[in-house]
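Reader: I am new to this structure and would be grateful for a guided account of it. May I put some questions after viewing it?

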Amino acid sequence: METLAWMQAKLPEFLRDLEAFVRRESPSGDRAGLEEAAAFLEEAFGPLEGRLSRKDTPAGPVLLLRREGEGAPVLVLCHYDTVHPKGSFPEPFHLEKDKAVGPGVYDMKGGIIALLYALRHAEATGRRLPPLEILFTPDEETGSKESRPLIEAAAKKARAVLVLEPPTATGDLKVARKGVGLYRLKARGKAAHQGVEPEKGVNAILELAHQILKVAALEDREKGTTLGPNVVRGGTVSNVVAEEAWVELDLRAWTLEEVRRVEEALRGLTPVLPGARLELSGGLNRPPMEPTEASLALFAKAKAIGEALGLRLEPGRVGGGSDGNFTAALGVPTLDGLGLFGGDAHQRTEYVVVSEIPRRTALLAELLYAL
Ligand SMILES: [Zn+2]
């Protein structure tokens, strides 16, 4: 395929751009780092066809590249923040045999450079792209609080959404992601002197212990629903009956139906100890990304293109969330995992496989042409 040959020829240039981008370390919340990475994006994508605009948010700049055309646009989602505090890697970028290693190289700066080359390919060859809206956001790794309304507004007018997160560990694209809910269950009791009049107290820790076992029973491993009581705090000092205690719960589920079932059960919990009270706070952070007929049709397109490139792609399902969860929940066909192949996401050994870069980049370009 000609596109693949073009990408192969561009690989040295691709790696230089990838290095320049990765070296501008941009952990979520690091204003200076995010500004530098955004400046790189403006330099790289600015000269391309379309209009690049910028919106400053408390989380950092959100960039939007818009290419007009006929019909509803294809929305492409990219986040340029990473989970790695500056200086986490021994070297900010290096090549090691067939790997390029660096903070965010895999999740997902590599995917962003792949998009850059897909767009450059279109300009070099004159091939037609659909109308595009490309969002570059600074806060995905911390839950997309600022970007979410912008992502959802753009998705509502889009015909399809492509997410440039990396593929699965086996290289598959992502058609389903679990929803993620974060809850805090608090037990309130009554403080009393443990030695003098313990009978006047209501022990919140004891109450919470009863509740944690009920909570754990709400899991449904067969359906893939998990509920982790992973943080617990309570009490003040050892000679006072504990007045307060709370637990943080991490819910993951494939379907909204399961989320609702668990949420209802959590809200329905009743105290076991006389005089104890319960309070539930928190909610769904990312709704489940459930495959639909339209999103599977989108995957089938990508699969056929992958075959022509020698890639065998399956419809992957993963437990972690992305911004694709928001768009899929709006009913917009969403395909995720279109970034670069590699591994060790969120670890200090994060890498992409260099020899696979041309194929993944060609896949992205050809998929854009096909839409
Ligand atoms: Zn990511």
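**Questions on a predicted model**

Author: For "domain: Peptidase M20 dimerisation", an unreviewed UniProt entry lists residues 175-267. The model discussed here is predicted.

Reader: How far apart do the end C-alpha atoms of residues 175-267 lie?

Author: The span from 175 to 267 is 27% helix and 34% strand. Its two end C-alpha atoms are separated by 31 Å.

Reader: Which residues coordinate the zinc ion?

Author: The donor atoms lie at 1.8 to 2.6 Å from the zinc ion. In sequence, the donor residues follow the spacing H-x27-D-x57-E. One donor atom is the NE2 of His79, another is an OD atom of Asp107, and Glu165 is listed twice through OE. The coordinating residues are therefore His79, Asp107 and Glu165.

Reader: Is the arrangement of the 4 donor atoms around the zinc ion regular or irregular?

Author: To count as tetrahedral, four donors need all angles between 85 and 135 degrees. The angles subtended around this zinc ion run from 54 to 143°, which makes the arrangement irregular.

Reader: How many residues apart in sequence are the parts that Asp107 and Glu165 tie together?

Author: Asp107 belongs to helix H4, residues 105-125. Glu165 sits in the loop between strand S7 (160-163) and strand S8 (173-177). The pair therefore ties together parts whose separation in sequence is 58 residues.

Reader: Are Asp107 and Glu165 buried or exposed?

Author: A residue is buried when its relative accessible area is under 20%. Asp107 has a value of 7%, and Glu165 has a value of 5%. Asp107 is therefore buried, and Glu165 is likewise buried.

Reader: With which side chains does the side chain of Glu133 make polar contacts?

Author: Glu133 is found in strand S6, residues 132-137, and is buried at 6% relative accessibility. Beyond its neighbours within four places in sequence, Glu133 is in contact with several residues, including Leu64, Pro73, Val76 and Ala154. Its side chain makes a polar contact of 3.3 Å with Lys157 and one of 2.9 Å with Arg66.

Reader: Which strands are the edge strands of the open sheet S4-S5-S16-S15?

Author: The 4 strands of this sheet pair in antiparallel fashion. S15 and S16 (residues 351-353) are joined by 2 bridges, and Gly343 stands opposite Tyr351 in S16. An edge strand pairs on one side only, as do strand S4 (94-96) and strand S15 (342-343).

Methods: Residues are numbered from 1 along each chain as its sequence is written. This is a predicted model: local features need pLDDT of at least 70, side-chain atom pairs count only at pLDDT 80 or more; totals for chains, interfaces and linings use all residues. Side-chain values use heavy atoms; hydrogens and water are left out. Donors are N, O and S atoms within 2.8 Å of the metal (3.2 Å for Na, K and Ca); water is not among the atoms, so sites may look incomplete. Four donors count as tetrahedral if all angles lie between 85 and 135 degrees; four count as square planar and six as octahedral if opposite donors are over 155 degrees apart and all others between 65 and 115; anything else is irregular. Buried means under 20% relative accessible area, exposed over 50%, partly exposed in between (1.4 Å probe, protein chains only). UniProt positions are given in the numbering used here, feature names are shortened, and annotations may be inferred rather than shown by experiment. A polar contact is a pair of N or O atoms within 3.5 Å; within protein, one must be able to donate a hydrogen and the other to accept it, and residues adjacent in sequence count only if both atoms are side-chain atoms. Contact means heavy atoms within 4.5 Å. Two strands pair if DSSP finds at least two bridges between them.
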